[in-house]
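The following note is offered for your consideration alongside the coordinates. It begins with a question and then proceeds point by point.

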Amino acid sequence: PPRSEVTYFGAGPGPLPTDVLEDAAQALLNFNDTGLGLAEHSHRSALATKIINDAKADLSSFLDIPDNYEIIFLQGGGSGEFSAMAYNFAGAWVARKHKELGSNDSSIQELKSAVQDLRMDYIITGGWSQKAAAEAERLFGPEHVHIAADSRKTNNGKFGTIPDETTWDLSRDSAMVYLCDNETVHGVEFPRFPKCLEPRPDGGPIVVADMSSNILSRRIPIQNYAAIFFGAQKNLGCAGITVAVIKKDFLPQPSATLMRQLGLPIPPRIFEFETIAKNNSLYNTLSIFDVYIAGQVLRRLLLQHPDKVRGQEAASEQKAQLIYKTLEEYPGVYHVIPDKSVRSRMNICFNITGGDAAEEEFLKQGIACGLTGLKGHRDLRGIRLIDLSDIIYTWGFGWYLAWLAAGKRRNV
Ligand code: PLP
């Protein structure tokens with residue numbers, strides 16, 4: 001079918017604005033009348049640097065990112081950041097302790113014993129934060145990873161809630177508190193920044209968040225975070241680059257020799273934020289084409305929303321409410337999986353009464369209407385809508401839900 005007749009709600013890169021892709025197709029053949037396609041130009045060229053700098057400036061403008069944060073583009077996806085965040089924040093913790101204790105022989109001994117208390121706290125609310133914690137444990141060992149909260153413990157072994165933050169067991173001096181702001185598989189989103197993680201006068205807590213699937217959709221109290229990250233492929237562009245935004249205070253890393261002396265792992269250079277930042281994301285070859293796509297998406301968002309992310313926040317809220325309201329109107333037919341207090345605005349997960357057979361039928365009829373990519377994640381099943389890209393499509397989908405539900409009720 002032609003592109004205009006298909007609405008794709010699925011995981012993966014997902015739909016990009018058609019005009020961005022049309023411009024990109026031209027850019028691949030002949031970028032800015034240079035006679036060479038963008039993917040053929042050197043990443044060291046002036047035009048590549050301009051693309052990087054413009055994308056950084058537009059991201060800062062759209063999200064209100066202050067100057068004391070560094071924006072870097074990396075490879076390795078969201079999963080690469082699970083490792084990178086653990087490496088860089090454990091490193092930043094060691095660098096701080098090392099500075100406090102000094103560099104003579106006895107202080108190295110003190111540092112060695114301090115390292116026994118190195119902890120990274122994880123708040124587990126779904127499959128992605130669980131994977132991030134597992135990766136930190138694989139790299140650093142379980143003694144350095146502390147699960148401060150896990151929603152399965154208070155929800156019959158299942159995800160779908162966020163434990164009351166007064167019950168979180170946070171470490172006193174953790175290298176970071178890690179959370180996933182929007183759990184894509186389980187449809188769970190933090191409704192707001194947790195009160196217990198608000199900044200203290202001593203500089204803690206050091207909060208790191210995975211925002212892969214809700215970036216650009218709502219305001220971020222960025223000063224409350226030491227770092228956020230997101231793969232470009234969901235809301236920003238196509239697969240191939242990951243963005244990390246890090247408070248500059250946390251960039252300095254200890255030497256590889258010191259980390260080895262302390263028995264701690266050393267990150268591959270390409271995951272060392274300090275090195276990537278010093279090289280304006282060009283320590284090694286970066287896909288400039290992917291940065292260009294992200295930049296074009298940001299340009300259009302800035303043109304579309306004079307009030308920047310606030311405009312996008314209002315639109316996301318409106319679209320999500322429309323779908324949840326429709327689902328709730330047919331309680332005998334649809335069942336939203338996560339708890340109402342933590343429902344994601346970005347990916348809506350629900351079941352249909354009648355189990356697998358009813359869901360298969362829903363998917364089949366959806367495809368016949370041009371509504372594709374609705375199958376839930378293989379771990380959770382059910383139905384999942386990821387990309388509510390346009391209010392018109394959202395209306396269309398809401399109408400489809402209502403139409404199917406009405407038919408089902410008649411059949412009953
Ligand atoms: N974090 C979240 C919230 C995700 O949704 C995903 C992928 O869907 C990832 C991390 C992993 O990203 P990647 O596939 O780029 O490693």
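Which residues have the most contacts inside the largest nonpolar core?

1. Core. In this predicted model, the residues with the most contacts inside the largest nonpolar core are Phe89 and Ala227. That core has 83 residues, and its largest share, ten residues, comes from helix 3 (residues 77-101). Beyond its neighbours within four places in sequence, Phe89 is in contact with Met120, Ala175, Met176, Ile206, Val208 and Phe250. A second, separate core of 21 residues has Leu327, Val333, Phe362 and Phe397 among its members. As a general point, nonpolar side chains in soluble globular proteins tend to be buried together.

2. Overall dimensions. The protein contains eleven helices and 14 strands. Its radius of gyration of 23 Å agrees with the value near 22 Å that a compact globule of 412 residues would have. The C-alpha trace spans about 80 × 60 × 35 Å along the principal axes.

3. Burial and contacts. Of the 412 residues, 42% are buried. Among contacts with a separation of 6 or more, 72% join residues 24 or more positions apart.

4. Geometry of helix 2. Helix 2 (residues 46-63) has 18 residues, and at 1.5 Å a residue it should span 26 Å; the end C-alpha atoms are 26 Å apart, in agreement with that expectation. Just after helix 2, Asp64 takes a positive phi of about 60 degrees.

5. The two sides of helix 2. Its buried residues are Ile51, Ile52, Ala55, Lys56, Asp58, Leu59, Phe62 and Leu63. Because these buried residues fall within an arc of 170 degrees when seen down the axis, they line one face of the helix. The general background is that an α-helix has 3.6 residues a turn, so residues three or four places apart point the same way. The face of helix 2 turned away from the buried side carries the exposed residues Ala46 and Lys50. On the buried side, the packing partners are strand 2 (69-74), helix 8 (288-304) and helix 9 (309-329). Please note that the list of buried residues includes Lys56 and Asp58.

6. Domains. The domain assignment gives domain 1 (46-300) and domain 2 (308-411). Their centres, taken over C-alpha atoms, are separated by 31 Å. The contact takes 21 residues from domain 1 and 21 residues from domain 2. On the domain 1 side, helix 2 and strand 7 (188-189) each supply at least two residues, and the largest share of that side, three residues, comes from helix 2.

Definitions and conventions: Residues numbered from 1 in each chain as written. Predicted model: local features only at pLDDT ≥ 70, side-chain atom pairs only at ≥ 80, totals over all residues. Helix = DSSP H or I, 4+ residues; strand = E, 2+ residues; numbered from the N terminus. Rg over C-alpha atoms; globule rule 2.2 N^0.38 Å. Buried ≥ 20, exposed ≤ 12 C-beta atoms within 10 Å, placed from the backbone. Contact = placed C-beta atoms within 7 Å. Expected span 1.5 Å × (residues − 1). Arc of directions from axis to C-beta. Core = buried A, V, L, I, M, F, W, Y, C linked by C-beta atoms within 7 Å. Domains from an automatic or database assignment.
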